[in-house]
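Reader: I should like to learn how the features of a model such as this one are read, beginning with a single residue and its surroundings. Please give the general idea each time, and then the case at hand.

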Amino acid sequence: MSSTTGQFLIQRPRFNHVFLQNNSFHIPKRVQISVLPQSSYIPVPLSSFSQCKSCSFWPLIFGGSKFLECKCASEKVSESFERDPGQEFEPEPNQIVKQKKASIVDILKQSNSILPHVVLASTIMALVYPPSFTWFTSRYYAPALGFLMFAVGVNSSEKDFIEAFKRPDAIFTGYVGQFVVKPLLGYIFGIIAVTVFGLPTPLGAGIMLVSCVSGAQLSNYATFLTDPPLAPLSIVMTSLSTATAVFVTPMLSLLLIGKRLPVDVVGMVSSILQIVIAPITAGLLLNRLFPRLCEAMRPFLPPLSVLDTACCVGAPLAININSVLSPFGLTVSLLIVTFHLSAFIAGYFLSGSLFHKAPDVKALQRTLSFETGMQSSLLALALANRFFQDPLVSVPPAISTVIMSLMGFALVMIWAKKKE
């Protein structure tokens, strides 16, 4: 017994159990209980002993359970050893505690908490001081988005993409969300903008144009942050919608807006190669041929990706600040927010209804929600500036670039925290 602490130190001896009676330890022959591993010591407070009024036996009361039964009690004893929640135990000297090394996925998930804030800060900075982003012109868009795809490629393997192609039903659902559900929503909100709010027709056409373009590469990065195993599936969906957009976008614009858009086929193919195919291939090859180099560069990818995303969001807003701050800017912003919110929700519940039996249904819902709710607003902005004479057509795409990014990465933060 320790005189300074008023505690007993019980050590596992060669026999199994001890109990205290008349201020001395005794060894019962019939009592069977669980004890600590060999060489473990437990400081037991005196308050943990309680004397039985019937037989003067002192059973040990520990964690709410009797570890030793008195003579007049039942011979049945507890089979589990419950540690006191407030009691700390030191590990054995020879015990080696191995800490799991943080992976790039863990690091990227930690950046989820700051990414939406950085996007919001870049939006405010672009509104307050546009020159902070006007230097980031359209010629930097393709390399910037390509860097995000390179980061995904470095942290993926060719097997991931092979597995993605084994899910044609999910790919087809994402395609329907991109070029059926979203254009339908765009047409509805475009009509509402003109008929209900009395906005000029070019603004309604701009909303419809946003809904006609392909998926955004930022959706791939958002999926990578929330559900890394499904990032290749998201990339396949976006690549397919982008590749077919050279035919589908002009057709949809003619159907919804009534204007045929002579989309540059060569330019769109070149865009796909620069933004998606080349950087992902480079990342995959680098990861396969030089794994140590990839391991060394991975810690630097998250902060660079956050900075990259901030530029991709703030620059279009700063460059088109006059259109965004036009008299119709607030109303158009509300319509764009509602449009994207409806697209996110539609993609989430559409996939949930179709794949409710899939083991990864929640991850699929998040992935298809990103694919439906996020589209290449930069492409819509370029088409508006090039093929429409009225500058008001470019207002909805410019606002959509910011709103889409803010809402998408807000969902990244919400879903990442919910998974934790």
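Reader: Which residues does Ser 394 touch, not counting residues up to four places away in sequence?

Author: One sets aside the sequence neighbours and lists what remains. In this predicted model, Ser 394 touches Ser 323, Leu 381, Ala 384 and Asn 385. The residue itself sits in the loop between helix H16 (377-387) and H17.

Reader: Is Ser 394 buried or exposed, and where does its side chain find a polar partner?

Author: Burial is read from the relative accessible area, with buried meaning under 20%. Ser 394 has a value of 5%, so it is buried. A polar atom of its side chain lies 2.6 Å from the backbone oxygen of Pro 391.

Reader: What is in contact with Leu 381, leaving aside its neighbours within four places in sequence?

Author: The list can be read from the other partner's side. Leu 381, which is found in helix H16, is in contact with Asn 320, Ser 394, Pro 397 and Ala 398. Its relative accessibility is 7%, so it counts as buried. One may also compare sequence and space: Leu 381 and Val 395 are 14 residues apart in sequence, and their C-alpha atoms are 8.2 Å apart.

Reader: How is a nonpolar core read, and which residues have the most contacts inside the largest one?

Author: The general background is that in soluble globular proteins, nonpolar side chains tend to be buried together. Here the record also has something to say about membrane spans, to which we shall come. The largest nonpolar core has 83 residues, and those with the most contacts inside it are Leu 233, Phe 370, Met 374 and Phe 409. Helix H17 (residues 395-419) contributes the largest share of this core, eleven residues. Another core, of seven residues, lies apart from it and includes Cys 212, Ala 245, Val 248 and Leu 256.

Reader: What surrounds Met 374, leaving aside its neighbours within four places in sequence?

Author: The contact list shows which parts of the chain meet at a residue. For Met 374 the partners are Gln 178, Lys 182, Gly 215, Ala 216, Leu 218, Ser 219, Ala 222, Phe 344, Met 404 and Gly 408. Among them, Leu 218, Ser 219 and Ala 222 are also buried residues of H8. In helix H8 (residues 217-226), ten of the ten residues are buried.

Reader: How many aromatic pairs are there, and why is the pair of Tyr 348 and Trp 415 stacked?

Author: One reads the distance between ring centres and then the angle between planes. The count comes to nine aromatic pairs. The ring centres of Tyr 348 and Trp 415 are 5.8 Å apart and their planes lie at 20°, so this pair is stacked, given that planes under 30 degrees apart count as stacked. It links distant parts of the chain, with Tyr 348 in helix H14 (residues 329-354) and Trp 415 in helix H17, 67 residues apart. Both are buried: Tyr 348 has a relative accessibility of 17%, and Trp 415 has 13%. Ring pairs also join Tyr 348, Phe 349, Phe 370 and Trp 415 into a cluster.

Reader: Which residues does the UniProt annotation "transmembrane region" cover, and how does one set such a record beside the model?

Author: One takes each annotated span and reads its secondary structure and end-to-end distance. The unreviewed UniProt entry gives residues 114-134, 140-157, 184-210, 230-258, 265-286, 306-325, 332-350 and 398-416 as "transmembrane region". Residues 332-350 are 100% helix and 0% strand, with end C-alpha atoms 26 Å apart. Residues 398-416 are likewise 100% helix and 0% strand, and there the end C-alpha atoms are 28 Å apart.

Reader: How does the reach of helix H4 (residues 141-154) stand against the span expected?

Author: One sets the distance from first to last C-alpha against a rise of 1.5 Å a residue. Helix H4 has 14 residues and reaches 20 Å, close to the 20 Å expected. Twelve of its 14 residues are buried, including Phe 150 and Val 154.

Reader: What is in contact with Met 297, leaving aside its neighbours within four places in sequence?

Author: Met 297, in helix H11 (residues 291-297), is in contact with Phe 150 and Leu 286. Its relative accessible area is 22%, so Met 297 is partly exposed. Met 297 and Val 154 are 143 residues apart in sequence, yet 9.5 Å apart in space, C-alpha to C-alpha.

Definitions and conventions:
Residues numbered from 1 in each chain as written. Predicted model: local features only at pLDDT ≥ 70, side-chain atom pairs only at ≥ 80, totals over all residues. Heavy atoms only, no water. Core = buried A, V, L, I, M, F, W, Y, C linked by side-chain atoms within 4.5 Å. Buried < 20%, exposed > 50% of the residue type's maximum accessible area, 1.4 Å probe, protein only. Helix = DSSP H or I, 4+ residues; strand = E, 2+ residues; numbered from the N terminus. Contact = heavy atoms within 4.5 Å. Polar contact = N/O pair within 3.5 Å; in protein donor to acceptor, adjacent residues only side chain to side chain. UniProt positions renumbered as here; feature names shortened; annotations may be inferred. Phe/Tyr/Trp six-rings, centres within 6.5 Å; stacked < 30°, edge-to-face > 60°. Expected span 1.5 Å × (residues − 1).
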